[in-house]
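Visitor: I should like to go through this structure with you. Could you begin with the overall surface and then move inwards?

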Amino acid sequence: MSEQEQQQLPVELFVKAGSDGQSIGNCPFSQRLFMVLWLKGVTFNVTTVDTKKKLEVLKDLAPGAQPPFLLFGSEVRTDTNKIEEFLEEILAPPKYPKLAAKNPESNTAGLDIFAKFSAYIKNSNPARSEE
């Protein structure tokens with residue numbers, strides 16, 4: 001498939017739904033991918049996924065995956081970092097702006113900050129914070 005054909009494929013971003021089950025939720029990973037697509041100027045559809053409900057359609061599309069995930073043509077991508085790398089590779093200059101950091105080390109500098117911060121906030125036992 002040519003680069004031009006790839007860039008014309010339909011793009012759909014599946015994101016966590018808000019508390020009402022329909023609006024876009026507050027997932028930072030979903031928001032990040034939304035911003036990447038928007039900054040690149042890509043026309044894409046957003047589908048909210050109510051994680052409290054089991055949707056049969058998603059079982060076939062991305063079994064076991066949690067939002068966000070991306071449907072690019074008929075190809076499903078489920079890892080946020082890999083999705084971002086894929087979009088940077090496929091949606092490249094000169095047609096699309098380059099968003100990746102100039103220094104590759106920048107991509108991994110704060111990779112686990114969110115996970116550690118979440119664990120810290122959820123920790124009900126301060127004595128365990130050293131683990």
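Guide: This is a predicted model. The accessible surface of the protein chain comes to about 9,500 Å², and 52% of that surface belongs to carbon and sulfur atoms.

Visitor: What percentage of the residues count as buried?

Guide: Of the 131 residues of the protein chain, 29% count as buried.

Visitor: How many helices and strands are there, and what pattern do they follow?

Guide: The protein chain has 6 helices and 4 strands. Along the sequence, the pattern reads α-β-α-β-α-β-β-α-α-α.

Visitor: Of the contacts between residues at least 6 apart in sequence, what share joins residues at least 24 apart?

Guide: That share is 60% in the protein chain.

Visitor: Let us turn to the strands. Which way do E1 and E2 run, parallel or antiparallel?

Guide: E1 and strand E2 (residues 45-49) run parallel and are joined by 5 bridges. Within this pairing, Val15 stands opposite Thr48 in E2. Together with H2, the strands E1 and E2 make a right-handed β-α-β unit.

Visitor: And how many bridges join E1 to E3?

Guide: There are 4 bridges between E1 and E3, and these two strands run antiparallel. Here Leu13 stands opposite Leu70 in E3.

Visitor: Back to E2 for a moment. Is Thr47 buried or partly exposed?

Guide: Thr47, which is found in strand E2, counts as partly exposed because its relative accessibility is 24%, and buried would require under 20%.

Visitor: What does Thr47 contact beyond its neighbours in sequence?

Guide: Leaving aside residues within four places in sequence, Thr47 is in contact with Glu12, Leu13, Phe14 and Val15. With Glu12 there is also a polar contact between the two side chains, at 2.3 Å. The C-alpha atoms of Thr47 and Val15 are separated by 6.2 Å, although these residues are 32 apart along the chain.

Visitor: Now the interior. How many residues are in the largest nonpolar core?

Guide: The largest nonpolar core has 16 residues. Those with the most contacts inside it are Val11, Leu13, Leu37, Val42, Leu70, Leu87 and Leu91. Strand E1 (11-16), helix H2 (28-40), strand E3 (69-72) and H4 each supply at least two of its residues.

Visitor: Which element gives the most?

Guide: H4 does, with 4 residues. A second, separate core has 6 residues, among them Val49, Leu58, Ala62 and Phe69.

Visitor: Why would such residues be found together, as a general matter?

Guide: In soluble globular proteins, nonpolar side chains tend to be buried together.

Visitor: Take Leu70 as an example. How accessible is it?

Guide: Leu70 is found in strand E3 and is buried, with a relative accessible area of 0%. Not counting residues within four places in sequence, its contacts include Val11, Leu13, Leu37, Ile83, Phe86 and Leu87. The C-alpha atoms of Leu70 and Leu33, 37 residues apart along the chain, are separated by 8.9 Å.

Visitor: And what does Val11 touch?

Guide: Beyond residues up to four places away in sequence, Val11 touches Leu37, Val42, Thr43, Phe44, Asn45, Leu70, Leu71 and Phe72.

Visitor: You mentioned H4. Which of its residues are buried?

Guide: The buried residues of H4 are Thr80, Ile83, Phe86, Leu87, Glu88 and Ile90.

Visitor: Glu88 catches my eye. What does its side chain make a polar contact with?

Guide: The side chain of Glu88 makes a polar contact with the side chain of Lys40, at 3.2 Å. Glu88 counts as buried because its relative accessible area is 17%, and the cut-off is under 20%. Apart from residues up to four places away in sequence, Glu88 touches Lys40, Pro97, Lys98, Leu99 and Ala100.

Visitor: What about Thr80, buried or exposed?

Guide: Thr80, in helix H4 (residues 80-90), counts as buried, at 12% relative accessibility. Leaving aside neighbours within four places in sequence, Thr80 is in contact with Phe29, Leu33 and Pro68.

Visitor: One last point: what does the side chain of Asp79 reach at the start of H4?

Guide: A side-chain oxygen of Asp79 reaches to within 3.2 Å of the backbone nitrogen of Asn81.

Note on methods:
Residues numbered from 1 in each chain as written. Predicted model: local features only at pLDDT ≥ 70, side-chain atom pairs only at ≥ 80, totals over all residues. Heavy atoms only, no water. Buried < 20%, exposed > 50% of the residue type's maximum accessible area, 1.4 Å probe, protein only. Contact = heavy atoms within 4.5 Å. Core = buried A, V, L, I, M, F, W, Y, C linked by side-chain atoms within 4.5 Å. Areas by Shrake-Rupley, 256 points an atom, 1.4 Å probe, with all protein chains shown as cover. Pairing = 2+ DSSP bridges. Right-handed = clockwise from strand over helix to strand, strands pointing away. Polar contact = N/O pair within 3.5 Å; in protein donor to acceptor, adjacent residues only side chain to side chain.
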